[in-house]
Each structure stands twice: as structure tokens, then as C-alpha cells.
Amino acid sequence: MLHYAIRRLLWLVPTLLAMALVTFTIMHATPGSPLDPVAEGANPLSPEAQKNLAEHYGLDKPLYHQFGIFLWKALRFDFGNSFVYKSRTVAEIIVTTFPISLFLGTMAFALAVVGGLTFGILAATYQNRGWDYVSVSLATVGVAVPNFVLAVFLIILFSFVIPLFPTGGWGHWRNWVLPTVTLALGPMGVVARFTRASMLEVIRADYTRTARAKGLGERAVIFRHALKNAFIPIVTLLGPMFAAVGTGSFFVEAIFRVPGMGKFFVESMTGRDYPMIMAVVLTYGAFLALMNLVVDLAYGFIDPRIRY
Amino acid sequence: MASVSPTAASAVRLGAAPREKGTSLTRDALRRLRRNRLAMAGLLVVLFLALLAIFADVLAPYPYTKTNFSRLNEGPSRDYPLGTDLIGRDLLSRMIYGARVSMLVGLGAQIIVVSIGVPIGALSGYVGGRTDLLLTRFIDVMYAFPRLLFVILVMSMLGAGLMNIFIAIGLTGWVGIARQTRAQVLAIKEKEFVDGARAIGAGFTRLLGRHVLPNALTPIVVVVTFGIPEAIFTEAALSFIGVGINPPTPSWGQMVGEGQQYLRSYWHLCVFPSIAIAVTMLAFTFFGDGVRDALDPKQN
């Protein structure tokens with residue numbers, strides 16, 4: 001087990017390296033440069049100024065050299081200064097904004113799991129009856145409709161028609177409700193779908209019939225015998241999902257004006273903020289890989305049949 | 001899913017068991033698809049959108065760039081059924097042209113995705129050995145990227161535009177199809193009929209093209225069916241943050257992105273395109289679910 005975890009952690013290094021290389025290649029292989037004027041149609045900088053700036057940011061060196069410098073600094077979590085926010089380092093920006101995104105993501109994730117499980121179980125135990133249809137429709141809408149569209153509908157419903165929550169902002173718990181729900185609906189639908197399918201399979205299994213046959217109550221059968229086994233395939237979903245809730249959040253952050261990493265993420269891309277892009281991509285990538293690892297390890301705890 | 005009621009499902013299964021002469025697997029699947037009411041409703045919406053996209057020039061009451069500065073941000077009226085936007089353009093006309101963008105992206109991107117993903121997956125699975133190892137490693141790395149992040153990265157580097165959207169989705173989308181194709185090819189190439197074909201002297205191209213790939217098609221079709229709404233979503237998302245379609249070409253995502261800033265004062269700017277996106281995504285999802293259930297009745 002420990003051996004397996006260490007091996008997987010070591011695999012993280014080449015994966016991140018490859019991601020850095022791919023991102024770096026795309027950034028530099030495409031036309032355009034961070035020295036281009038930000039505003040459209042503005043006068044370009046004089047050649048001397050461009051040269052000085054390139055020198056200052058190390059953009060005049062050959063590409064492999066630049067990549068080498070980047071790697072060496074990244075090892076010490078030094079991503080340099082942001083090209084767009086010139087007075088702030090990339091590490092600073094990430095350290096202040098990532099926790100906010102993570103907090104929002106965690107709330108949405110928790111809601112998605114709890115809600116998804118609830119609806120999935122309800123759907124399976126009342127198959128082809130009222131609750132089933134409610135869950136399945138909710139799940140379909142959540143999965144199919146993009147979250148920025150859901151956000152529009154939720155704002156209209158719960159800010160304008162019934163003025164319960166503010167349309168945006170951060171700081172008070174009332175601000176958290178709408179972005180969390182918006183972000184949670186998609187993954188909640190996925191969890192509900194999987195739970196339903198998995199529960200339906202388990203409910204028909206022999207051991208469930210045995211549990212019923214020996215006279216257990218419905219509650220014990222569903223929660224102690226069925227759900228425990230139905231949960232196993234759902235766990236695989238959760239790792240990538242947790243990471244996806246983090247990435248997907250940036251539309252939601254834009255609409256609800258949440259001061260998370262999402263805002264910087266978009267601005268860095270359009271402003272060709274090389275250091276920021278690299279840092280954001282790698283942060284997300286590392287996060288995704290770590291979450292997958294956590295899930296794979298958790299798998300072994302939940303399902304004792306799995307050996308590493 | 002509840003898209004097929006249990007009685008209908010069992011009826012289909014019973015009907016399929018003693019398969020009468022002349023009912024091919026495809027026809028069988030088509031019949032199952034036709035009986036699925038939700039899927040058919042989805043298909044109707046999709047066809048409607050396709051018609052809108054094709055005949056946009058005839059159907060739209062105004063050109064999508066025509067501005068009327070005396071009537072800005074108006075709500076729905078007789079002249080402008082869905083109202084006008086920030087610079088007095090007819091919203092309905094822009095939405096009709098928006099359907100064209102969505103449909104183009106949905107289909108075009110899938111063509112690119114398939115033409116990259118299927119050959120790579122097939123090659124990887126069929127040839128095996130070092131080629132397979134190399135390709136799967138590459139696929140794994142690509143898989144580790146958060147998908148949307150990668151698309152946005154490529155788009156902001158290439159710049160906005162329809163062609164670049166195809167490239168961005170193509171570059172990232174092939175991975176799923178390649179994985180699926182590889183898994184299928186791996187399983188099928190061990191089957192007896194492939195051995196048989198090889199025994200009578202079928203060459204590499206013929207084996208792969210005539211015997212292995214056609215039998216691997218079903219799951220690929222399913223992935224493609226779900227890939228279309230995924231691509232439409234991606235375009236909408238890209239245009240929403242302003243790195244998708246170039247203005248003044250209308251795109252639903254861009255209209256939502258622009259309109260949501262004025263949601264309180266001019267609700268119509270944002271609500272109509274939002275509904276369009278939601279309905280389109282749902283229609284494709286229902287149809288996709290139907291196709292999957294029809295092709296693989298065991299799953300239900």
C-alpha cells in the first residue's frame with residue numbers, strides 16, 4: 001500500500017513535466033507575444049523598449065533555456081512576476097486566490113455528493129415512481145445544461161423573482177449560496193445517475209435478498225447492505241469530479257463576482273501572461289493528479305477486495 | 001434511465017429475442033430508437049435547429065449586423081419579437097444565426113475529432129507493442145489536462161474564430177475517442193473471425209478497415225453522439241468569456257456572456273439565448289441517451 005502510494009506520487013513528476021512541456025510549447029509555438037500592446041490597435045512599443053523588456057523577463061534567451069530556468073524556479077515555487085499584474089508575483093496571486101476557489105469548490109462538492117446520493121438512492125428505491133422521475137429529470141438538467149446558463153436561471157429565480165440571495169459578491173454566507181448551488185448541480189446530476197444505476201444493480205443482488213430474508217428492516221437493508229456496496233463505483237468518480245468542480249468554477253466565479261483564481265486564469269490567458277499560465281495549468285494539473293491518487297487509495301479502504 | 005418505461009423495454013427485448021428474418025442489428029437498433037419518445041423529441045429539436053441553421057438567411061427577419069440606434073435594449077415587441085440588443089440589433093435574427101454557429105461547431109468539431117482519434121486509437125490497439133505504449137502514454141498525459149482549461153489555453157493563443165475553435169476542440173477531443181477505439185480494437189482483434197480473415201490472406205488495411213473497425217463502431221458512435229453537445233457547450237463557454245467566435249458573428253454563448261452583465265435592466269438579452277443553449281443541450285442529451293440505449297439494450 002505504502003509502496004503503491006509512493007510509486008504513484010513519483011509518477012506525478014513526469015506527468016507534471018509533460019504538462020509543463022506541452023503548455024510551454026503551445027504558448028511559444030503560436031503567433032503573438034506578451035510584448036504586443038494589450039489594447040487593440042495601440043501603437044507597438046519601440047524596438048529598443050521591446051528588447052529591454054524581453055531581456056528583463058528573460059524572453060530573449062533560447063526556448064530550451066527559458067524552459068530550463070522555469071523548471072528550476074518552479075521547483076522552489078517561484079513562478080516569477082505576473083506580466084499583467086506587474087507588481088505581484090504569481091505565487092502571491094495563487095496563494096491568495098486559490099483558497100477561495102477551493103472553498104467554493106469544496107462546498108459545491110459536498111452539496112453535490114450529499115444531494116446526488118440522496119436523489120440517487122430515492123430514485124433507485126422508488127424506481128419508476130414519482131421520486132425516480134424527479135431525480136432523473138434533475139440529474140439530466142444538471143448534467144446537460146452548462147453552469148453559466150444555470151446561473152442565469154438561478155439569479156432570475158432567487159434574486160429577482162424571489163429576492164432571497166444577492167446576485168453576486170463574496171464575504172457573507174448569503175453570497176455563497178447561489179454560486180455553490182450553480183456549481184453543484186452538474187456534478188450532483190452525475191452522482192445521482194451513477195448512484196441510481198449502481199443501487200439498482202445492488203438491490204437485485206443475492207446478498208440484498210438474504211438481508212431481506214433474514215427479516216431486516218428496509219432502512220437497514222438500503223443503508224447498511226445495499227449502499228455500502230453501491231458506493232464503490234461512485235468513489236472512482238469523485239476524484240476527477242472534485243478537480244473539475246475547481247476548474248469549472250471560473251464561469252461561476254465570473255458571473256457571481258467571486259474573487260477566486262478563475263478571474264486571473266482568464267486574464268492570464270488573453271494577456272499572454274506566460275508565468276501565470278504555467279502556474280495555473282500546473283496547479284490544476286497537480287490538483288487533479290493528487291485527487292485521483294487520493295481516490296485510488298480510498299478505494300482500497302472501501303473495497304477490501306482490492307489489493308495494491 | 002427512465003427514458004424507456006419498463007414495459008416498453010421488456011417488450012423490445014421480447015420482440016428482439018426470436019429475431020425474424022431480415023432484421024439486421026442496425027434496423028433493430030433503429031426500431032428501438034424510434035420507440036423512445038424522449039429521443040425522438042430530441043431529434044425533432046435537433047432537426048429544427050438544423051433547418052434554422054441552413055435557412056438562416058431566409059428565416060431571419062433582419063441581417064444580424066443591422067443596427068437601429070433609435071431602439072436600443074428594447075424588450076419583445078411586434079417589430080422585434082425577442083427585443084433588440086445593446087446596439088439595436090434584432091435579437092431573434094441573431095439567435096437564428098447563432099444556431100448556425102452551434103450546429104457548425106457541433107458537427108465540424110466531431111468530424112475532426114473522429115478523423116484524429118479513430119486512426120490513432122485503431123493503430124495503437126492493432127499494432128500494439130512499442131507504438132501502443134508510446135501512444136497510450138501520450139494519451140494519458142493529454143487526459144491529465146483539465147479539458148476546458150486546455151481548450152481555453154489553445155484558443156487564447158490562436159485567437160478567436162470558428163476555424164480555431166475546430167482546431168482547439170480537435171486537439172483535445174480526440175483523446176476520448178482514441179481510448180475507446182483502442183479498447184474496442186484490442187478486444188476484437190482476438191476474435192476468431194479476424195483470425196479467419198487473416199488465414200485467407202487479408203492484408204493489414206483490409207483486416208483493420210473491413211473486419212475490425214466496423215465491429216468496433218457501436219461505442220464510437222455513442223461517443224460521437226455525446227461529443228456533439230460537448231462541442232456546442234465548449235463553443236458557448238469559449239464565446240461566453242470572449243475567446244470563441246469573433247464578433248459581429250452571433251453566438252449564443254457570447255450573447256449570454258454579454259447579456260448577463262445587464263440581467264437586471266435588460267433581462268431579455270440574456271434569457272433567450274440561455275434558453276436556446278439549455279434546450280439544445282437537453283435535446284442532444286436525450287437523443288444521445290436514446291442512441292446509446294438503442295445500440296446497447298443490455299445497459300438499460
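A crossing of two helices is called right-handed if the near helix is turned clockwise from the far one by less than a right angle. With that term in place, I should like to present three parts of this structure, which is a predicted model.

I begin inside chain B, with helix α5, residues 91–127, and helix α8, residues 162–188. The axes of these two helices lie 5 Å apart, and the packing angle is about 40°. In the sense just defined, α5(B) and α8(B) make a right-handed crossing. As for the residues that form this contact, 20 are nonpolar, nine are polar and two are charged.

The second part concerns a pair of helices from two chains. Helix α1 of chain A, residues 2–29, meets helix α7 of chain B, residues 147–158. Their axes come within 9 Å of each other and cross at roughly 20°. Angles under 35 degrees count as roughly parallel, and α1(A) is therefore roughly parallel to α7(B). This crossing, too, is right-handed. On the side of α1(A), the contact is made by Thr23(A), Ile26(A) and Met27(A). Facing them on α7(B) are Leu153(B), Val154(B) and Met157(B). Five residues of this contact are nonpolar and one is polar, while none is charged.

Let me now widen the view to the whole contact between the chains. Chain A contributes 36 residues and chain B contributes 33. Which elements of chain B give two or more residues to the side that touches chain A? They are α6, residues 129–144, then α7, then α10, residues 204–240, and finally α12. Of these, α12(B) supplies the largest share, namely nine residues. The side of chain B that touches chain A holds 29 nonpolar and four polar residues, and no charged ones.

Helix α12 of chain B spans residues 267–295, and my third part is one of its residues, Phe272(B). Is Phe272(B) buried or exposed? A residue counts as buried if 20 or more other C-beta atoms lie within 10 Å of its own. Phe272(B) has 23 such neighbours, and it is therefore classed as buried. Leaving aside residues up to four places away in sequence, Phe272(B) touches Leu82(B), Leu91(B) and Met95(B). Leu91(B) and Met95(B) fall within the range of α5, residues 91–127, the helix with which I began. Finally, Phe272(B) and Asp57(B) are 215 residues apart in sequence, and their C-alpha atoms are 20 Å apart in space.

Definitions and conventions: Residues numbered from 1 in each chain as written. Chains lettered and ligands numbered in written order. Predicted model: local features only at pLDDT ≥ 70, side-chain atom pairs only at ≥ 80, totals over all residues. Helix = DSSP H or I, 4+ residues; strand = E, 2+ residues; numbered from the N terminus. Buried ≥ 20, exposed ≤ 12 C-beta atoms within 10 Å, placed from the backbone. Contact = placed C-beta atoms within 7 Å. Axes fitted to C-alpha atoms, helices over the stretch in contact; angles between N-to-C directions. Nonpolar A, V, L, I, M, F, W, Y, C, P; charged D, E, K, R; others polar. Parallel < 35°, antiparallel > 145°, perpendicular 65-115°, else oblique.
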